[in-house]
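Colleague: I'm still learning to read these models, so could you take a close look at one part for me and then show me around the rest?

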Amino acid sequence: MAIKKINRTAITLAAGLVLSAAALFAQDDGTYRQYMLEGYTYDEIEEAEQAAAASADVDSKKAVMSSVSKVDWSKSTFTSDITLDTVKAGIPMPSGKAVSMNRVQMELPVLVKDPLLSLYADDTRTLGDLVLEGNLTLDALTRIIDGSKKTPPYFMNATNTLKTTNTLDLHQIGALLVKHRTPYVQDKPIERISSKAYTGIVIDARGLIPVQGEHVKSEVYPCLFPKIWNEDMDLIYERNMVLPDVAKSKGIVDYLPGQGSNKKTERAGNDPLWITARKVYGVNRCDPVISKEDYLRITTVPANLELLKQGKVVILLDSDKLVGNVTSPRKDIRYYLETGKLKQRIDKTDIPDVTPEEHDGGFVIRMENLRFIADLAELLPEEKHRVAEIAKELKTIIVGGKYTIRVNGHTADVNKPLGQQALSIERAEAIKNALVAEGIPENLFTCYGYGGTMPIADNSTASGRAQNRRVEIEITPQGTEIQRR
């Protein structure tokens, strides 16, 4: 995945959040003076203040608005409760009610942006990843947010706090990502099995199940566009197999918490094929894996292949995976100050093939052209100095315990998807182990392998494959459910 550099100043200018140094310290409660004692300059503090405001992470004492967002995958809705303190905002009541709603409407895209971008688009990407890749634009999301449903505003418990609820249809976002015009049909396998025509397909993916290609178990998580595989890793179902009008208006699956739902009957009909997921696949744990026998029950009968085209698929998940508040990384002033300094230090050390950059989910250090022993996850000895240098810099901000570290492994694509995924996980773990050996606590780490699914260069050239053989070390701040402006 190509990680695009985010220009913080451009973001804050666009948001109209530029503050003068004098104004910054005029409202100082002692926090900024503390940052100065830590060695940060006026300009650095000011830029961090602006970036935090653009990320809807204003200090609670200064915030006049807040938002808490919830997703309900069973209804395909993303709901945000917005509150505005009219006294702190300096808006007189009751005459200022219209002004208050205009303020909410103006600030809404910034308040809901980060939680919304944290939702899974598919088995490897969040919506934020798609924005960084250029497959989705913030302008398009803003238009959907602006046009979403809003409840009439009301004052909470006879206070000066005005509240409204905003509800967004996730199918509208999914429609932006459906690009095909004609669905393709799954090939009929040579092998056949006794089967019949069904009215739909229901996959029970509840509970802990094994992860394909890994020696762990996981629950299955919802996303906009799950895929379905069989145990031989033949792809059975994905968005491009569905009629585009259906995929845009209804999505490609319904998610439900269990049996007895009218929605299940509506989408899967009265006589669906019931399947139990054997495994789950994907970095985000979104893709059910079914048995070869169930795969043949679908593909043997032409009418069942038509079910895929019509999107007649339901996935059952545990209730707590379908509904809940959405957490996004907390990017406050300290986060921007610390990661800004970290980038400066890494740039000054001039470590070869290492790029530090701001990223939607956190701060990322990308290590390209990593050299391992052929087809193994063991670093060549001459590579270890790069890891040691990165560990030295990481320890300057990790000590406070406000961050976790996610190591993402990637390989070149040599048409061996399962082997590539396994190797990418092993290599991510090798980098983690090397960082732990340098003194970074092991409990801060998680490791993921993407195989060759997210290239940043052309796999047909040696130099492109070298770039794709990379590890990304993502420093993620603690999560927050509350956005503030």
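At roughly what angle do the axes of helix α5 and helix α7 cross, and within how many Å do they come?

Modeller: The axes of α5 (residues 97-117) and α7 (residues 138-146) cross at roughly 115 degrees and come within 10 Å. Before going on, here is the small print. Residues are numbered from 1 along each chain as its sequence is written, and side-chain values use heavy atoms, with hydrogens and water left out. This is a predicted model, where local features need pLDDT of at least 70 and side-chain atom pairs count only at pLDDT 80 or more, while totals for chains, interfaces and linings use all residues.

Helices (H or I, at least four residues) and strands (E, at least two) are DSSP runs, numbered from the N terminus. An axis is a line fitted to C-alpha atoms, for helices over the stretch in contact, and angles run from 0 to 180 degrees between N-to-C directions.

Back to your pair: the crossing of α5 and α7 is right-handed (the near helix is turned clockwise from the far one by less than a right angle; anticlockwise would be left-handed). On the α5 side, the residues in contact (heavy atoms within 4.5 Å) include Leu 108, Val 112 and Leu 116, and on the α7 side they include Leu 141 and Ile 145. By class, this contact has eight nonpolar, two polar and two charged residues. Here Ala, Val, Leu, Ile, Met, Phe, Trp, Tyr, Cys and Pro count as nonpolar, Asp, Glu, Lys and Arg as charged, and the others, Gly among them, as polar.

Now for strands. Strands of a sheet pair through backbone hydrogen bonds, either parallel or antiparallel. Two strands count as paired if DSSP finds at least two bridges between them. One open sheet here has four strands in the order β11-β15-β6-β12, with parallel pairing. β11 (254-256) and β12 stand at the edges with a single partner strand each, so one side of each has no neighbour in the sheet. On average, neighbouring strands in this sheet are turned by 20 degrees against each other, direction ignored. Within the sheet, β6 and β15 (residues 313-316) are joined by four bridges, and Ile 203 stands opposite Ile 315 in β15.

Helix α11 packs on this sheet, touching β6 and β12, and its direction makes about 155 degrees with that of β12. Among the buried residues of α11 (292-299) are Tyr 295, Leu 296 and Ile 298; buried means under 20% relative accessible area, exposed over 50%, and partly exposed in between (1.4 Å probe, protein chains only).

Just before β6, have a look at His 180, in the loop that follows α8 (170-176). His 180 counts as buried because its relative accessibility is 13%. Its side chain makes a polar contact of 3.1 Å with the side chain of Asn 240. That term is for N or O atoms within 3.5 Å; within protein, one must be able to donate a hydrogen and the other to accept it, and residues adjacent in sequence count only if both atoms are side-chain atoms. A polar atom of the His 180 side chain also lies 2.6 Å from the backbone oxygen of Val 242.

Finally, follow β1 (residues 65-72). β1 runs antiparallel to β2 (residues 77-85), joined by eight bridges, and in their hairpin Ser 76 takes a positive phi near 55 degrees. β1 also pairs with β24 (residues 482-484) over three bridges, again antiparallel. Val 68 has Asp 81 as its bridge partner in β2 and Ile 482 in β24.
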